[in-house]
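Okay, thanks for coming, everyone. I've got one structure to walk through today, so let me put it on the screen.

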Amino acid sequence: MSEVLLKAENVSIVFGGLKAVSDFDFYINKGELIGLIGPNGAGKTTAFNLITGVYQPTTGSIEFAGKSIVGKKPYEITQRGIARTFQNIRLFSELTVLDNVKIAFHSHVKYGLAETVFRVGRYFSEEKQIEEESMKLLKIFKLDGHAYDQAKNLPYGAQRRLEIARALAAKPKLLLLDEPAAGMNPQETKELMEMISWIRKEFGLTVLLIEHDMSLVMGICERIYVLEYGMIIANGTPKEIQENPEVIRAYLGGEA
Amino acid sequence: MNLLRKNDLIMLGLSLVIFAILQVLITTKVLTSFWELNLIIIGINVIMAVSLNLINGYTGQFSLGHAGFMAVGAYTGVVMTTFFHLPFIVAIIAGAVLAGLLGFLIGLPTLRLRGDYLAIATLGLGEIIRIVIMNLDYVGGAAGFKGITHHTNFAWVFLIMLFTLFVIKNFVNSSHGRACIAIRENEIAAEAMGINTTKYKVMAFTIGAAFAGVAGCLFGHNFYIISPGSFTFLASFNYLIMVVMGGLGSITGSIAGAFVVTFISAVLAPWPEFRMIIYALALILLMFYRPQGLFGYMEVTSMGIFRRIFKRGHES
Amino acid sequence: MDFLHQFVQQLINGVSLGSIYALIALGYTMIYGIIKLINFAHGDIYMVGAYIGFFAITRAGLSIVPALLISMVVTGILGMIVERLAYKPLRHAPRISVLITAIGVSFFLEYASMYFVSPTPRTFPEVIPSVAFNVGPFIVNGQQMLIMGITLVLMLILTYIVQKTKLGKAMRAASFDVETAQLMGINADRVISFTFCIGSALAAAAGVLVGVYYNSIDPLMGIMPGLKAFVAAVLGGIGILPGAVAGGIILGVIEALVSGFISSTFRDAAAFAILILVLLFKPSGIFGKNTREKV
Ligand SMILES: Nc1ncnc2c1ncn2[C@@H]1O[C@H](COP(=O)(O)OP(=O)(O)OP(=O)(O)O)[C@@H](O)[C@H]1O
Ligand SMILES: [Mg+2]
């Protein structure tokens, strides 16, 4: 049997009376590509924020690689191997594209303060390695031509790709993508989805992907969870999801 | 990567040449003692501005209490040399350590605050430090600390300034410095990239405070008497002005800012009644025409002519 | 009993000093609420107000109330001029540049005043007979009555303006969200100008009252009270009008108590220490709402 990488049980969070996520039960096996879909305001982003430690669950447990991550700070969770992108792009916008990626190598840097200040020991070799690996990532996402541009001057689609490149630089085991195709045209979207499947294989990643548009995820995800009003109303293969009456009702509204 | 080391050496060489020229001018009395004093003040202000820039400009934490740490360094230093007869260098180190320690203790709880709230809290802490010193009879209270041996000279200031610039430049051009800059740019994203934001905010604040302590120690030993009145929040404003005038997040900018501010006030010294009026107007006009400061985020090493000397080493 | 007696007496002193902080803090907080600027020049506006009041009384021989009104009107206009000349051109500049400009304006007002009215302190004339009222065992002097009375009246007027008038409502809308307010047809420039006018007029009133209370004014008199008023505004929750008043009164009372029972040298330190403690437990001030950024 494949091994479980992330497991959430009974996770709920309340925002002043509103239960944004309730009794969230789910798991991801190592190597899977899972979709998390649901209508506007269903609680998808909130689920990401709970997994990455931005919010603390009111109840429930979350385990990553067999250890509980509830109560851990976001940076500790990233250091354990979960990296994410943001729905509302959060790049380091005044910095260069290259620096955006370099920053994310942070937790893998071994040189200490003394080596930094006096530029001895591992400083030069590690900085060189960071620069090379960053350029490699930028090349994968076709951003190497923009390496020295300010991130804020990139076109929208490129900014979304940079967010993914930056998350990968943190060398995660699990990658969380929050609507990575939002605002892209159909052609860009198609390329992005192909790229996601490709990097998953190339980096041996496990991926959890939020998408608004159901048809998009159908093609590439192995399993899909559907969220509505903070609750999981269905989970299964794309085919099962497509035929699930609950899901059809949630997406088409009342009648079905 | 040897390129970076080469750039460092070119910089060091250039600095030493400038130092030698100025030192000769001072020894041969071509520069009067008035201008020697101003060179010393510029050097001290550069240390203050660059260390404040690390906190405000690079890490984006709005601190208005920098003069408080300077006071701690100054008083620690003069106590070391005057009461304990320790060597000057020991006094400088002690000033740095004590100011840094205080920065750490203050930074830990207060750096949770954001923006203007942090600004007023640090301003208040700077004032508290000054008022406490004012009430310590051991160091002379409000009347000031008297009987200091004059240790500070141009050579000490220049070399320590160089050291400070070297340390802070290397810090900001490393993974640690990038962590600080990431916090300035977007704290939530920085945290999501595995950066312990609290640790780096406190680290920047501590390093900045320690160098303010160094500057304070140099400042304290430049006179025969120092008093708490030199370290009010208006002094902190003055260092902030240097940083913003030069450009937040630019070391070159902080040097320029410290130079321009000190130079303007030296040149206007003969007209005391107009000095501050002109200074105020200059400040307002500068903000109108260059709100991002003289250098923005730029460094001199990444500009036109210097590009050729300092080949692409991609230091920001 | 003796302790209690002194305590209440200090409380009375504290409230009158606090009223002055509150008047200055109101301007700080209104201006911050709309353009998010820590207007460090606000304390100097208060100083100018004190001087205008002083000249209205000594040169024009006016009595206190007309002098107060003239000072408020002239200083209110000065506030608008400062905004128009120094801050309006920077509406879209980084906030820190505007802050530095405010510091520049502050220096300018201080040193230009020094040039025109000389740096030596002036003795404020005695405008009301120095009477003392006995309220039970406690003493309230005439100046304190004047300060508290005028502060109360001004606050009632301000409440009316903000709650009932069109400009006042526009002001509240703009302090909530300038852009949305503009979309709803509010002329932001006019509202900002109006805010500076009211804030400066209140500061002017505080300046004249301080002259009456302490009998002495000088060009640098605005630095510390300006800072204290900012502390008061932050203490109460910056941008919140009742917060500024509460913050001002609390600060005044703390200072009076510390001066009375410990030592006046620690008065300022105590004010800052309280501020920092409050912020550590409630980072947005006493009346502020803790908002967190939505991710
Ligand atoms: N910090 C917060 N405070 C209060 N309510 C919140 C907070 N974060 C999210 N919510 C609420 O929780 C609910 C779920 O929001 P969430 O952002 O998770 O939805 P979503 O599924 O990601 O929607 P979308 O497709 O629009 O991105 C919404 O009603 C939202 O308003
Ligand atoms: Mg969302």
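I'll go through the metal site, then the salt bridges, then the surface patches, and finish with a few backbone details.

Before anything else, keep in mind that this is a predicted model.

Let's begin with the magnesium ion, which is ligand 2. Which protein atoms act as its donors? There's OG1 of A:T45 and OE1 of A:Q87, and they lie 1.9 to 2.1 Å from the ion. Now, where do those two sit in the chain? A:T45 belongs to helix α1 of chain A, residues 44-51, while A:Q87 is in the loop between β6 (82-84) and α3 (97-104). They're 42 residues apart, so this pair links distant parts of the chain. As for accessibility, A:T45 counts as buried, because its relative accessibility is 18% and the cut-off for buried is under 20%. A:Q87 comes out at 32%, which makes it partly exposed.

On to the salt bridges. How many does the structure hold over all chains? The count is 26. I've picked a few to show you.

In chain A, take A:K239 and A:E243. Their closest N and O atoms are 3.0 Å apart, and they form a salt bridge. Both residues are in helix α9, residues 238-243, and four residues separate them along the chain, about one turn of the helix. Are they buried or exposed? A:K239 is exposed at 55% relative accessible area, and A:E243 is exposed too, at 52%.

Next in chain A, there's A:R249 with A:E246. Here the closest N and O atoms of the salt bridge are 3.4 Å apart. Why are these two about one helical turn from each other? Because they are three residues apart in helix α10 of chain A, residues 245-252. A:R249 counts as partly exposed at 25% relative accessibility, and A:E246 is partly exposed at 35%.

Now hop over to chain B. B:K201 makes a salt bridge with B:E187, with 3.0 Å between the closest N and O atoms. This one runs between two helices: B:K201 is in α9, residues 197-220, and B:E187 is in α8, residues 187-192, so the pair ties together parts that are 14 residues apart in sequence. And both B:K201 and B:E187 are buried.

Chain C has something a bit more elaborate to look at. C:E83, C:K88, C:R91 and C:D189 are linked in a network of salt bridges. While we're on C:K88, here's a distance to help you get your bearings: its C-alpha atom is separated by 37 Å from the C-alpha of C:G14, and the two residues are 74 apart along the chain. C:G14 itself is in helix α1 of chain C, residues 2-35, and it's buried, with a relative accessible area of 0%.

Okay, surface patches. There's a patch of negative charge on the surface, where A:E9, A:D23, A:D25 and A:E63 gather. If you want one to click on, try A:E63, which is in strand β4 of chain A, residues 59-64. It's partly exposed, at 31% relative accessible area.

Chain B gives us a nonpolar surface patch. Which residues make it? They are B:F83, B:F84, B:L86, B:I89, B:V90, B:I93, B:V97 and B:Y138, and the patch covers about 730 Å². One of them, B:F84, sits in the loop between α3 (66-82) and α4 (88-110) of chain B. B:F84 is partly exposed, with a relative accessible area of 48%.

Last stop, the backbone. A:E179 has a phi near 45°, a positive value in a residue other than glycine. You'll find A:E179 in the loop between β7 (174-178) and α7 (186-203) of chain A, and it's buried, at 9% relative accessible area.

Chain C has a residue with positive phi as well. C:N215 isn't a glycine either, and its phi is near 65°. C:N215 lies in the loop between α8 (188-214) and β4 (216-217) of chain C. Its relative accessibility is 35%, so it counts as partly exposed.

That's my tour; happy to go back to any of these on the screen.

Definitions and conventions:
Residues are numbered from 1 along each chain as its sequence is written. Chains are lettered from A and ligands numbered from 1 in the order in which they are written. This is a predicted model: local features need pLDDT of at least 70, side-chain atom pairs count only at pLDDT 80 or more; totals for chains, interfaces and linings use all residues. Side-chain values use heavy atoms; hydrogens and water are left out. Donors are N, O and S atoms within 2.8 Å of the metal (3.2 Å for Na, K and Ca); water is not among the atoms, so sites may look incomplete. Buried means under 20% relative accessible area, exposed over 50%, partly exposed in between (1.4 Å probe, protein chains only). Patches are made of residues with over 30% relative accessible area and no salt bridge: like charges are joined within 9 Å, nonpolar side chains (Val, Leu, Ile, Met, Phe, Trp, Tyr) within 5 Å. Accessible areas come from the Shrake-Rupley method with a 1.4 Å probe; for residues, only the protein chains shown count as cover. A salt bridge is a side-chain nitrogen of Lys or Arg within 4 Å of a carboxyl oxygen of Asp or Glu. Lys and Arg count as positive and Asp and Glu as negative; His and the chain ends are not counted. The place of a charge is taken as NZ of Lys, CZ of Arg, CG of Asp or CD of Glu.
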